[in-house]
Amino acid sequence: MKRLLLILMLVAAPALAVQPDEMLDDPALEARAREISQGLRCLVCRNENIDDSNASLARDLRLLVRERLLEGDSDDEAVQFIVSRYGEYVLLEPPATGANLILWIAGPAMLLVALAGAAAYVRSRRRAPEPDAEGLSTEEKARLAEILKE
């Protein structure tokens, strides 16, 4: 039973999309390529890294990463080369600088504004004066008393 469970778990494990013909002979370079690929977004699948994607564009990006590493680029240089071609959208975790800083700050800032608005609303509701019978004519006061008795 344990063996069957182990076999089923191994079969159910996600298969990486990296094909054997893409892999580099040098294990150290291949490990670097895999590390870089984990941080690059598949432009077809959106929220999947290129290492896990079966899209042809992801394959092209994997090959490009390996090509850059074979040419002697550092990890950062290889990533910058791809970002210069495809833009920062290709990064799964874009840096919080420039225009991206607005996107990083917008969510928490909107939450704080909403909380401040809710607090101001609750505070103003507590300070609202109770309705009173001041300023009513004697007929209106009598009618109000009659309604309250019912």
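Where is E88 found? E88 sits in the loop between helix 4 and helix 5 of what is a predicted model, in which local features need pLDDT of at least 70, side-chain atom pairs count only at pLDDT 80 or more, and totals for chains, interfaces and linings use all residues. Residues are numbered from 1 along each chain as its sequence is written, and side-chain values use heavy atoms, with hydrogens and water left out.

As for the fold, the protein has six helices and zero strands, giving the pattern α-α-α-α-α-α along the sequence. Helices here are DSSP runs of H or I with at least four residues, strands are runs of E with at least two, and both are numbered from the N terminus. Confidence, given as pLDDT (the predictor's score for each residue, from 0 to 100), averages 81, and 83% of the residues score at least 70. Helix 4 comes out highest, at a mean of 91, while helix 1 (residues 2-12) is lowest, at 63. Where pLDDT is low, the predicted coordinates should not be read in detail.

Of the 150 residues, 22% are buried, meaning under 20% relative accessible area with a 1.4 Å probe and protein chains only; exposed means over 50%, and partly exposed lies in between. The largest nonpolar core (buried Ala, Val, Leu, Ile, Met, Phe, Trp, Tyr and Cys residues joined through side-chain atoms within 4.5 Å) holds 19 residues, and I36, L40, I50, V65, L69, I82 and V90 have the most contacts inside it. Helix 2 (27-38), helix 3 (56-70) and helix 4 (75-86) are the elements giving two or more residues to this core, with helix 3 supplying the largest share, five residues. Setting aside neighbours within four places in sequence, I82 is in contact (heavy atoms within 4.5 Å) with L40, L61, L64, V65, G87 and V90.

Back in the loop, E88 counts as partly exposed because its relative accessibility is 35%. Beyond its neighbours within four places in sequence, E88 is in contact with V83, P94, P95 and N100. R41 lies 47 residues from E88 along the chain, and their C-alpha atoms are separated by 9.7 Å.

On the other side of that loop, helix 5 (residues 99-127) has 29 residues and reaches 42 Å from its first C-alpha to its last. That is close to the 42 Å expected at 1.5 Å a residue, the expected span being 1.5 Å times one less than the number of residues. Helix 5 also bends by about 35° at A106, with a proline, P108, following within four residues; the bend is the angle between axes fitted to the seven residues ending at a residue and the seven starting there.
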